[in-house]
Amino acid sequence: MSTETIYQNAALTRLRTDEDEWVFRVPRTDDGINIHSLIANCPPLDENSSYCNFLQSSHFSKTCIVAEHDGEIAGFISAYLKPDSPHDLFVWQVAVSPNMRGKGLAYHMLQELLMREHLQHVEAIETTITKSNEGSWHLFKKLDAANGRKGEVSVFLDEAQHFKGRHDTEFLFRIPLNKNTQ
């Protein structure tokens, strides 16, 4: 058994409710195209190339998470440890299938990700959110509330200055984590 297989099995968790069974796991390279399709069905998320999703599922798999329901990918979080600040986990995208919304799946995926042994050193979560992305604001405000409401919001990429009017301003939301409230 390969080290990757052992790691993937160790990172696999299940959530059962009365009628549903969820599996939370490390993404695999062969998930890339399904992740790409999921993100395409989750506006306002930026649809990156499928190659990007293959890289997330391979090179960055230890900091990403897939949620499966009935064998289908229903949710995905892409994240990475910042190279110049390895105690900060940057959450790039959170995607939840439209028919799976309203179940708390995004928050549960985030919690599952933060429970991984190799991420126990993470001291803060960072993400960027456009003003109109209400779902992301709700998710990360909930995480901030669970960690003492110490989060800070600032402009990361300005619509006029950085995007030349082609994309909405991206606000950076930095949330320090309280290890005892995870």
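This report describes the nonpolar cores, the two largest pockets and some salt bridges of a predicted model.

**Nonpolar cores**

In soluble globular proteins, nonpolar side chains tend to be buried together. In this model, the largest nonpolar core contains 30 residues, and Leu105, Met109 and Phe140 have the most contacts inside it. Two or more residues come from each of the strands E2 (21-25), E3 (65-69), E4 (72-82), E5 (85-96), E6 (124-130) and E8 (170-176), and from the helices H4 (105-114) and H5 (134-146). Helix H4 gives the most to this core, with seven residues. Leaving aside neighbours within four places in sequence, Leu105 is in contact with Trp22, Phe24, Ala67, Ala74, Gly75, Val96 and Met100. Apart from the largest core lies another one, of ten residues, including Ile39, Leu45, Ile73 and Ala95.

**Pockets**

The largest pocket holds about 480 Å³ of space. Its lining has 21 residues, and Val96, Arg101, Ala106, Gly135 and Ser136 lie nearest the centre. E5, H4 and H5 each give two or more residues to this lining, and H5 gives the most, with five. By class, the lining residues of the largest pocket are twelve nonpolar, six polar and three charged.

About 350 Å³ of space lies in the second largest pocket. It is lined by 22 residues, of which Leu45, Asp46, Trp92, Thr128 and Glu170 are the closest to its centre. The elements giving two or more residues here are E5, E6, H5 and strand E7 (152-157). This lining divides into ten nonpolar, nine polar and three charged residues.

**Salt bridges**

The model has seven salt bridges. Among them are the following pairs, with the distance between the closest N and O atoms.

| Residue | Partner | Closest N and O atoms |
|---|---|---|
| Asp31 | Arg25 | 2.7 Å |
| Arg28 | Asp31 | 3.9 Å |
| Glu126 | Lys82 | 2.8 Å |

Glu126 lies in strand E6 and Lys82 in strand E4, so their salt bridge ties together parts that are 44 residues apart in sequence. Glu126 is buried, at 6% relative accessible area, while Lys82 is partly exposed, at 25%.

Asp31 appears in two rows of the table, with Arg25 and with Arg28. Asp31 counts as buried, because its relative accessibility is 4% and the cut-off for buried is under 20%. Arg25 is also buried, with a relative accessible area of 5%. Arg28, at 31%, is partly exposed. Salt bridges link Arg25, Arg28 and Asp31 in a network with Asp30 and Glu68.

Key. Residues are numbered from 1 along each chain as its sequence is written. This is a predicted model: local features need pLDDT of at least 70, side-chain atom pairs count only at pLDDT 80 or more; totals for chains, interfaces and linings use all residues. Side-chain values use heavy atoms; hydrogens and water are left out. A nonpolar core is a set of buried Ala, Val, Leu, Ile, Met, Phe, Trp, Tyr and Cys residues joined through side-chain atoms within 4.5 Å. Buried means under 20% relative accessible area, exposed over 50%, partly exposed in between (1.4 Å probe, protein chains only). Helices (H or I, at least four residues) and strands (E, at least two) are DSSP runs, numbered from the N terminus. Contact means heavy atoms within 4.5 Å. On a 1 Å grid over the protein atoms alone, a cavity is a set of points where a 1.4 Å probe fits but cannot get out, and a pocket is an open set with protein on both sides within 12 Å along at least five of seven lines; lining residues have an atom within 4 Å of a point. Grid points are joined across faces, edges and corners, and a volume is the space filled by probe spheres set on the points. Ala, Val, Leu, Ile, Met, Phe, Trp, Tyr, Cys and Pro count as nonpolar, Asp, Glu, Lys and Arg as charged, and the others, Gly among them, as polar. A salt bridge is a side-chain nitrogen of Lys or Arg within 4 Å of a carboxyl oxygen of Asp or Glu.
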